[in-house]
Amino acid sequence: MRIKVINPNTTQSMTDKIGACARAAARPGTEVIAVSPAMGPVSIESHYDEALATPGLLAEIAAGEAAGVDAYLIACFGDPGLKAARELARGPVLGIAEAAMHAASFIGSRFTVVTTLARTMGQAHHLAEAYGMARFCARVRACELPVLELEDPRSNARARIVDECRRALDEDGCDVLVLGCAGMADLCRSLSEELGVPVIDGVSAGVTLLESLVSLGLKTSKRGELAHPLPKPMTGLMQPFALGSGAR
Ligand code: 2AL
């Protein structure tokens, strides 16, 4: 099967890292296509960034549909554009926050999310509520780490994440940790070994959950809310996003 993993920010080093982690988690027969959009913010750490990352992300979903991709993973912890992507796609689409939170609920009783900047904590809380995961969420914590510092090998990002994880285990009553950024995916295994609790990265969790859904023959339901969007003209810069009248 072919799974397209879309890093909705345009930083190639982060897309490469996400692709490597997705491939490491995937089954031997799975092809992982890791991309970032042709346009958009270099990192996503605000609602403004999320909104502007979404058109490029949707263009990648549309290209994937034309190429017959089986499933998609939106590899940013705010899960930007998830519902719109589901409308466009035939196969299943997951966001990494959604995948990680659900995986955490299967193996523990309470998880803490450790994320980047404090300003992104509201979106993590919002998603936990929206997914029915709030009762599993002990707390959302931030390291005050800009996303692109995760791409700088000279930064002390890992040490700051470890410190915050230790505070979570001491203070939150959690038994599982969820990494709150796709750029942390490469740290997951070593953090879990160092901290002695399950640490979940939504990139790996998302790829394996998608493999399960595709293996079950399950696709996005096209009855009702997630039906293909209605064809209509778009104006201005959005003209290329107009959908044709071809029925699906
Ligand atoms: C993210 C993420 O996963 N990718 C990105 O650019 N921003 N999430 C976050 N909480 O900062």
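In which loop is Glu 144 found? In this predicted model, Glu 144 belongs to the loop that runs between strand 6 (137-142) and helix 6. The backbone of Glu 144 adopts a positive phi of about 50°, although the residue is not a glycine. Most residues other than glycine have a negative phi. With a relative accessibility of 45%, Glu 144 counts as partly exposed.

A positive phi is also found at Asp 79, where the value is about 50° and the residue is, again, not a glycine. Asp 79 is placed in the loop between strand 3 (71-74) and helix 3 (82-88). The relative accessible area of Asp 79 is 5%, and because this value falls under the 20% cut-off, Asp 79 is classed as buried. For Glu 144, by contrast, the 45% relative accessibility corresponds to the partly exposed class.

The ligand is surrounded by 13 residues, of which Asn 9, Ile 44, Thr 116, Gly 180 and Ala 182 come nearest. When the residues of this shell are divided by character, seven are nonpolar and six are polar, while none is charged. Polar backbone atoms of the protein lie at short listed distances from nitrogen and oxygen atoms of the ligand: a ligand nitrogen atom is 2.5 Å from a polar backbone atom of Ile 44, a ligand nitrogen atom is 3.0 Å from a polar backbone atom of Gly 180, and a ligand oxygen atom is 2.8 Å from a polar backbone atom of Ala 182. Taken alone, the ligand exposes 300 Å², and 97% of that area is buried by the protein.Helix 7, which spans residues 188-195, has Cys 188, Leu 191 and Leu 195 as its buried residues. Viewed down the axis of helix 7, these buried residues fall within an arc of 65°, so they line one face of the helix. Arg 189 and Glu 193, on the other side of helix 7, are exposed. The cover over the buried residues of helix 7 includes helix 6 (157-171), together with strand 7 (176-179) and strand 8 (199-200). Helix 6 thus appears in two of the settings described here, as part of the cover over helix 7 and as the element that bounds the loop holding Glu 144. Just after helix 7, Gly 196 takes a positive phi of about 75°.

Methods. Residues numbered from 1 in each chain as written. Predicted model: local features only at pLDDT ≥ 70, side-chain atom pairs only at ≥ 80, totals over all residues. Heavy atoms only, no water. Buried < 20%, exposed > 50% of the residue type's maximum accessible area, 1.4 Å probe, protein only. Helix = DSSP H or I, 4+ residues; strand = E, 2+ residues; numbered from the N terminus. Arc of directions from axis to C-beta. Contact = heavy atoms within 4.5 Å. Near = heavy atom within 4 Å. Polar contact = N/O pair within 3.5 Å; in protein donor to acceptor, adjacent residues only side chain to side chain. Areas by Shrake-Rupley, 256 points an atom, 1.4 Å probe, with all protein chains shown as cover. Nonpolar A, V, L, I, M, F, W, Y, C, P; charged D, E, K, R; others polar.
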